[in-house]
Amino acid sequence: MINNRGNVRITEVGPRDGLQNESVRIPTAIKIQFVDQLSAAGFPEIEVTSFVSAKWIAQLGDAAEVMRGITRRTGTIYSALVPNERGLDAALEARVDKVSVFVSAADGFSKHNTNGTVDEVLARIAPVVSRARASRKPVRGYVSCIVRCPYDGPVDPAQVVAVCMRLLEMGVDEIDLGDTIGAADADSISRLYQAVAKIIEPSKTTLHLHDTHGQAIACALRALEIGVRSFDSSVAGLGGCPYAPGAAGNVATETLARAMVSAGFDPQIDIQRASDAGLWMRQQLASTRESST
Ligand code: HMG
Ligand code: MG
């Protein structure tokens, strides 16, 4: 390490964001093994799956079975996406440690991804947040399309701030800012945080980068300079969203972690084990695709 600039936190989202876009059905047992390998790499948080409608994301229709099958490591938070109260019931039943609600900063993606405008989705998730909190589950509030929407085009930072404000008023514990289609560059991250920092300290946000144009590491390094200390990523850069055309995978965990180390931060994970888990999952995806043809 060059100098000690402190600890950073990586949430591994490969089992959820990494796999949700895969059209060939991945066996539940493979998903469970994948999460178990990630647990062994020591992540403080793993986003395991989504309790969304299987009509919308068929790949994650086995959310409850995956949650039931994983071996939980002490020190790792096992979280999942929840779009509505029905999803919350299932997530609580499956003993998720943390609930992640999600809403877009732009109406276009919101309608395509969750069948409602931003306002409608905020109204839908408000009872999810309050009930999750009543059940003593911490809540992450994702804001998607922080720079650009695949349907509406550029997104003004003021739109992002307005949605963050609504989520904070609802009582979320954490704001997660998502560059859903990987449209950000370092300067757009600076502009965004200039606006967001007026209502929430950068160190209290998580940044969720996709790497469509190879800018994700530059964005992460700029965010570290700004004071962000929590990031999402996916081993082997798996990922994408079926309702965000053109979106590539998440920033690769192993690349992000190595960049953090070079910049003097400690990502507190076993990078080699994380990298091996990504390679293993890529091999599983290749053989699952092969056996389906
Ligand atoms: P809808 O069609 O308006 O909902 O979808 P509905 O209430 O009319 O229900 C439709 C059907 O789904 C019904 O079944 C419901 O029972 C069922 P039917 O009666 O027709 O047989 N259903 C459910 N089943 C299981 N679990 C549930 C559930 N809810 C309804 N929770 C809805 C609205 C929000 C449900 C839908 O649009 C949806 O599930 N969307 C999720 C899409 C998604 O997961 N996208 C990817 C994640 S977001 C992302 O990737 C971005 C992120 O990574 C950050 C970033 O990159 O920026 C987080
Ligand atoms: Mg994403």
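The following exercises look at one strand and one ligand in a predicted model.

**Exercise 1.** Determine how many residues of strand S4 (residues 98-104) are buried, and which residues lie on each side.

*Solution.* Begin with the cut-off, by which a residue is buried if its relative accessible area is under 20%. Applied to strand S4, this gives 7 buried residues of 7, and the strand is mostly covered. Next, recall that in a regular strand the side chains alternate between the two faces of the sheet. Sorting the residues by side then places Lys98, Ser100, Phe102 and Ser104 on one side and Val99, Val101 and Val103 on the other, and both faces of S4 are covered.

**Exercise 2.** Find which strands pair with S4, and in what sense they run.

*Solution.* Start with strand S3 (residues 77-81), which runs parallel to S4 and is joined to it by 3 bridges; here Leu81 stands opposite Ser100 of S4. Between these two strands the chain passes through helix H4 (residues 85-93), forming a β-α-β crossover that is right-handed. Then turn to strand S5 (residues 139-144), which pairs with S4 over 6 bridges, again in the parallel sense, with Val143 of S5 as the bridge partner of Val103.

**Exercise 3.** Describe which residues come nearest to ligand 1, and how much of the ligand the protein buries.

*Solution.* Among the 26 residues around ligand 1, those that come nearest are Lys55, Arg86, Asn113, Asn115 and Thr180. For Asn115, a polar side-chain atom lies 2.7 Å from an oxygen atom of the ligand, while for Ser144 of strand S5 the corresponding distance is 3.0 Å. Finally, ligand 1 taken alone exposes 1,100 Å², of which the protein buries 76%.

Conventions
Residues numbered from 1 in each chain as written. Chains lettered and ligands numbered in written order. Predicted model: local features only at pLDDT ≥ 70, side-chain atom pairs only at ≥ 80, totals over all residues. Heavy atoms only, no water. Buried < 20%, exposed > 50% of the residue type's maximum accessible area, 1.4 Å probe, protein only. Helix = DSSP H or I, 4+ residues; strand = E, 2+ residues; numbered from the N terminus. Pairing = 2+ DSSP bridges. Right-handed = clockwise from strand over helix to strand, strands pointing away. Near = heavy atom within 4 Å. Polar contact = N/O pair within 3.5 Å; in protein donor to acceptor, adjacent residues only side chain to side chain. Areas by Shrake-Rupley, 256 points an atom, 1.4 Å probe, with all protein chains shown as cover.
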